[in-house]
Amino acid sequence: SHSWENTEREYYDLFTSYFTFHVKTVEEVIQEAREILNPENREYVKKLVQYVKHADDWFLGLKKRRKVLKTQVA
């Protein structure tokens, strides 16, 4: 576990690259699942949608916290 708010820029950029790739991959899975939606798997798709929403909210909050910390230090 890392304090992403305080990590070095290069390390943070590497993390965000990996994180956004991961979220985009899950979004593509959701899109494909919706196109071929099997009613039996509907709950799994809903869980994936919630996962992406939670991840997006967390990442947006992280970016805001980093920005606040950077302005406090400057």
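# Exercises on a two-helix model

Lys53 and Asp57 both lie in helix H2, 4 residues apart, which is about one turn of the helix. The model is predicted. Use it for the exercises below.

## Exercise 1: A salt bridge in H2

Task: Find what joins the side chains of Lys53 and Asp57, and state how exposed Lys53 is.

Solution.
- Step 1. Look at the spacing. An α-helix has 3.6 residues a turn, so residues three or four places apart point the same way.
- Step 2. Check the atoms. The two side chains, Lys53 and Asp57, meet in a salt bridge, 3.2 Å from N to O. The cut-off is 4 Å, so the pair passes.
- Step 3. Check exposure. Lys53 is partly exposed, with a relative accessible area of 45%. Asp57 also counts as partly exposed, at 45% relative accessibility.

## Exercise 2: Salt bridges in H1

Task: State how many salt bridges the structure holds. Then examine Arg9 with Asp13, and Lys24 with Glu27.

Solution.
- Step 1. Count. There are 5 salt bridges in the structure.
- Step 2. Take Arg9 and Asp13. Their closest N and O atoms are 3.3 Å apart, and they form a salt bridge. They are 4 residues apart in helix H1, so about one helical turn separates them. Asp13 is partly exposed, at 33% relative accessible area.
- Step 3. Take Lys24 and Glu27. Their side chains form a salt bridge of 3.2 Å, N to O. Both residues lie in H1, 3 residues apart, about one turn of the helix.
- Step 4. Compare exposure with the cut-offs. Lys24 counts as exposed, because its relative accessibility is 51% and exposed means over 50%. Glu27 has 27%, so it is partly exposed.

## Exercise 3: Helix lengths

Task: Test whether the end-to-end reach of H1 and of H2 fits 1.5 Å a residue.

Solution.
- Step 1. Take H1, residues 9–35. It has 27 residues and reaches 39 Å from first C-alpha to last. The expected value is 39 Å, so H1 fits.
- Step 2. Take H2. Its 32 residues should span 46 Å. The end C-alpha atoms are 47 Å apart, which agrees.

## Exercise 4: How the helices pack

Task: List the buried residues of H1 and H2. Say what each set packs against.

Solution.
- Step 1. List H1. Tyr12, Phe15, Thr16, Phe19, Val23, Val26, Ile30 and Ala33 are buried.
- Step 2. Find their partner. These buried residues pack against helix H2 (42–73).
- Step 3. List H2. Its buried residues are Val45, Val52, Ala55, Phe59, Gly61, Leu62 and Arg66.
- Step 4. Find their partner. The buried residues of H2 pack against H1.
- Step 5. Check one distance across the sequence. His22 and Val52 are 30 residues apart in sequence, yet 9.7 Å apart in space, C-alpha to C-alpha. His22 lies in helix H1. It is partly exposed, with 30% relative accessible area.

## Exercise 5: Aromatic rings

Task: Count the aromatic pairs. Describe Trp4 with Tyr11, then Phe19 with Phe59.

Solution.
- Step 1. Count. The whole structure has 6 aromatic pairs.
- Step 2. Take Trp4 and Tyr11. This pair is stacked, with 5.5 Å centre to centre and 20° between the planes. Trp4 is buried, at 14% relative accessible area. Tyr11 counts as partly exposed, at 37%.
- Step 3. Take Phe19 and Phe59. This pair is tilted, with 5.0 Å between centres and 35° between planes. Phe19 lies in H1 and Phe59 in H2, so the pair ties together parts 40 residues apart in sequence. Both Phe19 and Phe59 are buried.
- Step 4. Join the rings. Trp4, Tyr11, Phe15, Phe19, Trp58 and Phe59 form one aromatic cluster.

## Exercise 6: A buried charge

Task: Describe the surroundings of Arg66. What is the nearest side chain of opposite charge?

Solution.
- Step 1. Place the residue. Arg66 is in helix H2.
- Step 2. Look for an opposite charge. Arg66 is buried yet has no salt bridge. The nearest side chain of opposite charge is Asp13, 6.2 Å away.
- Step 3. Look for a ring. The charged end of Arg66 sits over the ring of Tyr12, 3.7 Å from its centre.
- Step 4. List the contacts. Leaving aside neighbours within four places in sequence, Arg66 is in contact with Trp4, Glu5, Asn6, Thr7, Arg9 and Tyr12.

Methods. Residues numbered from 1 in each chain as written. Predicted model: local features only at pLDDT ≥ 70, side-chain atom pairs only at ≥ 80, totals over all residues. Heavy atoms only, no water. Helix = DSSP H or I, 4+ residues; strand = E, 2+ residues; numbered from the N terminus. Buried < 20%, exposed > 50% of the residue type's maximum accessible area, 1.4 Å probe, protein only. Contact = heavy atoms within 4.5 Å. Lys, Arg positive; Asp, Glu negative; His and termini not counted. Phe/Tyr/Trp six-rings, centres within 6.5 Å; stacked < 30°, edge-to-face > 60°. Lys NZ or Arg CZ within 6 Å of the ring centre and 35° of its normal.
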